Amino acid sequence: MAVPGLGPSLRNRGEISVLFRRTECKYPGKNVAFHVNEGSTDHWLALLVEFEDADGDVGSMHLRQANSDDWLRMDHLWGANWCLNQGPLKGPFSVKITTLSTNRTLSARDVIPKNWSPKATYTSRLNFQL
């Protein structure tokens, strides 16, 4: 599909069926981590979920601020990147992720500290079990 000069002929074929199969992610010895994306602020927070075992696909993600009982729904950006466009946000943050295929939930309490920073990764003590 990536042969130089043949792009137009491929595009002219129209809709092409593609088969794929989901596979379980396996990260033995790793815990779920949350990478704060560059550009994040206290009004727009974007997180990349890393090292989630088993089901793999994140179906929903929620964030809870310091001193709050409310879980705020995050929006899916692309891949394993999720964001919350609301603020000002006050850490530490707890993060709850739910898998797409089995609806299993994992809640990492206060995983992102009060003094968080963009481009930093914060590791939980949890992971889904295979």
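## Asp-110 and its backbone

Asp-110 is partly exposed, with a relative accessible area of 40%. In this predicted model, the residue sits in strand β8. That strand spans residues 105-112. The phi of Asp-110 is near 50°. This is a positive value in a residue other than glycine. Most residues other than glycine have a negative phi.

## Asn-103, another positive phi

Asn-103 also has a positive phi, near 60°, and is not a glycine. Its place is in the loop between β7 and β8. Is Asn-103 buried or exposed? Asn-103 counts as exposed because its relative accessibility is 57%, and the cut-off for exposed is over 50%.

## Two cis peptide bonds

Which loop holds Pro-88? Pro-88 is in the loop between β6 and β7. Strand β6 covers 81-85 and β7 covers 93-99. The peptide bond from Gly-87 to Pro-88 is cis, with omega near 5°.

Pro-92 lies in the loop between β6 and β7 as well. The bond leading into Pro-92 comes from Gly-91. That bond is cis, and its omega is near 5°. Most peptide bonds are trans.

## The five-stranded sheet

Five strands make up an open sheet. Their order is β5-β6-β2-β1-β9, and the pairing is antiparallel. Two strands form the edges: β5 (75-78) and β9 (121-123). Each of these pairs on one side only. From one strand to the next, the twist averages 30°. Strands of a sheet pair through backbone hydrogen bonds, either parallel or antiparallel.

## From β5 across to β2

Start at the β5 edge. Strand β5 joins β6 through three bridges, and the two run antiparallel. In this pair, His-76 stands opposite Trp-82 of β6. The two strands form a hairpin with two residues between them. Gly-79 lies in the turn and has a positive phi of about 55°.

Next comes the pairing of β6 with β2. How many bridges link β2 and β6? Five bridges link them, in the antiparallel sense. Here Leu-48 stands opposite Asn-81 in β6. Strand β2 itself runs over 44-50.

## From β2 to the β9 edge

Strands β1 and β2 pair over four bridges, again antiparallel. Strand β1 comprises residues 33-36. On the β2 side, Phe-34 stands opposite Val-49.

Which residue of β9 stands opposite Phe-34? That residue is Tyr-122. Three bridges join β1 to β9, and these strands run antiparallel. Phe-34 thus has a partner in β2, Val-49, and a partner in β9, Tyr-122.

## Asn-37, a buried loop residue

Asn-37 is found in the loop between β1 and β2. Asn-37 counts as buried because its relative accessibility is 15%, and the cut-off for buried is under 20%.

What does Asn-37 touch, leaving aside neighbours within four places in sequence? Asn-37 is in contact with Ala-46, Leu-47 and Leu-48, among others. The list also includes Asn-81, Pro-118 and Lys-119. Two of these contacts, Leu-48 and Asn-81, stand opposite each other in the β2 and β6 pairing.

Technical notes: Residues are numbered from 1 along each chain as its sequence is written. This is a predicted model: local features need pLDDT of at least 70, side-chain atom pairs count only at pLDDT 80 or more; totals for chains, interfaces and linings use all residues. Side-chain values use heavy atoms; hydrogens and water are left out. Two strands pair if DSSP finds at least two bridges between them. Axes are lines fitted to C-alpha atoms, for helices over the stretch in contact, and angles run from 0 to 180 degrees between N-to-C directions. Buried means under 20% relative accessible area, exposed over 50%, partly exposed in between (1.4 Å probe, protein chains only). Contact means heavy atoms within 4.5 Å.
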